[in-house]
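User: I am new to this structure and would like a close look at one part of it. Please keep the sentences short and connect the part to its surroundings.

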Amino acid sequence: MLGVCLLFVGIVLINNGICAICKVPPKAAACMNILTGGLSLFINFVNLVQGNYYAAGTGLLFCFTYLFVAMMNIFSLDGRPFAWFSTFVAVNAVVFGYIEGISGSAALGIAPDWRWAAIWWAWAVLWGSSFVTDILGIKKAAKAVPVIQILEGILTAWIPGVMMLLQIW
């Protein structure tokens, strides 16, 4: 299920970055966020039912990210609540990167894999960018965010997702 979810996380990140660069109206860009957030909600509800709480907890962070972005885009909401949410998620992403990439967790059946550390920490940078731009008010940093979204969509979600679907990761 993770490969399926990552495939769509990849496209939503790429889509969000391209839409920002090309000045696509936010309401139009919201569709992919709703679809990806909804898919993630379904997948992680299944994880909850199956008792896979770690996968559900980490996956729901993505789900609520994309649903939150969609609501902000549709209703032209202030971005600061999303920035505080993203800050919370970024801090958790640093922890998950350490657990999945460096220490592992016997209790969760997670063997350390440096690729996951790199992926989680890259995601922490992207989520943390909301804190930098919307809470600290460093607007110059906002110019880099769409490029980061596109690169991370490709490198941390789309490629790993496809590799998982092809069973080569």
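Is arginine 80 buried, partly exposed or exposed? Please start there, then go on to the rest.

Analyst: Arginine 80 is partly exposed, because its relative accessibility is 47%. Keep in mind that this is a predicted model.

Start with the partner of arginine 80. Its side chain meets that of aspartate 78 in a salt bridge, with N and O 2.4 Å apart. Aspartate 78 is also partly exposed, at 39% relative accessible area. Arginine 80 opens helix H4, which covers residues 80–103. Before it comes helix H3, covering residues 53–75. Just after H3, serine 76 takes a positive phi of about 50°. Aspartate 78 thus belongs to the stretch between these two helices.

There is a general reason for such pairs. Side chains of opposite charge can pair when their charged atoms come close.

The structure holds 3 salt bridges. Another one joins aspartate 113 to arginine 115, with the closest N and O atoms 2.7 Å apart. Here the two partners have separate labels. Aspartate 113 counts as buried because its relative accessibility is 15%, under the 20% limit. Arginine 115 is partly exposed, at 29%. Arginine 115 falls within helix H5, residues 114–135.

Aspartate 134 falls within H5 too. It forms a salt bridge with lysine 139, and the closest N and O atoms are 3.5 Å apart. Aspartate 134 is partly exposed, with 29% relative accessibility. Lysine 139 is exposed, with a relative accessible area of 53%.

H5 leads inward. The largest nonpolar core has 30 residues. Val9, Phe62, Trp116, Trp120, Trp123 and Trp127 touch the most other members. Helices H1, H2, H3, H4, H5 and H6 each give two or more residues to this core. H5 gives the most, with 7 residues.

Now take tryptophan 120. It is buried, with a relative accessible area of 4%. Leaving aside residues up to four places away in sequence, it touches Thr58, Phe62, Ala93, Phe96, Gly97, Glu100 and Trp127. Thr58 and Phe62 fall within the range of H3. Ala93, Phe96, Gly97 and Glu100 fall within the range of H4. So the contacts of this tryptophan lead back to the helix that arginine 80 opens.

Aromatic rings add another layer. The structure holds 11 aromatic pairs. Tryptophan 120 and tryptophan 123 make one of them, edge-to-face, at 5.0 Å centre to centre and 85° between the planes. The two are 3 residues apart in H5, so about one helical turn separates them. An α-helix has 3.6 residues a turn, so residues three or four places apart point the same way. Tryptophan 123 is buried as well, at 5%. Both tryptophans belong to one aromatic cluster, made of Tyr54, Phe62, Phe96, Trp120, Trp123 and Trp127.

Back to H3, which ends shortly before the starting point. H3 has 23 residues. Its span from first C-alpha to last is 32 Å, close to the 33 Å expected at 1.5 Å a residue.

H2 comes before H3 in the chain. It has 24 residues and reaches 34 Å, close to the 34 Å expected. Its buried residues include Ala29, Met32, Asn33, Thr36, Ser40 and Ile43. H1 and H3 are among what covers the buried residues of H2. Glycine 38 lies in H2 too, but it is partly exposed, at 32%. Its C-alpha is 8.6 Å from that of tyrosine 66, although the two are 28 residues apart along the chain. After H2 comes glycine 51, with a positive phi near 80°.

Last, the cysteines. There are 0 disulfides. Why does cysteine 5 form none? The closest cysteine sulfur, in cysteine 63, is 8.5 Å away, so it is too far for a bond. A disulfide needs sulfur atoms within 2.5 Å. Cysteine 5 is buried, at 10%. Cysteine 31 is in a similar position: the closest cysteine sulfur, in cysteine 19, is 9.9 Å away and too far for a bond.

Notes. Residues are numbered from 1 along each chain as its sequence is written. This is a predicted model: local features need pLDDT of at least 70, side-chain atom pairs count only at pLDDT 80 or more; totals for chains, interfaces and linings use all residues. Side-chain values use heavy atoms; hydrogens and water are left out. Buried means under 20% relative accessible area, exposed over 50%, partly exposed in between (1.4 Å probe, protein chains only). A nonpolar core is a set of buried Ala, Val, Leu, Ile, Met, Phe, Trp, Tyr and Cys residues joined through side-chain atoms within 4.5 Å. Helices (H or I, at least four residues) and strands (E, at least two) are DSSP runs, numbered from the N terminus. Contact means heavy atoms within 4.5 Å. The expected span of a helix is 1.5 Å times one less than its number of residues. A salt bridge is a side-chain nitrogen of Lys or Arg within 4 Å of a carboxyl oxygen of Asp or Glu. Rings of Phe, Tyr and Trp (its six-membered ring) pair if their centres lie within 6.5 Å; planes under 30 degrees apart count as stacked, over 60 as edge-to-face and the rest as tilted.
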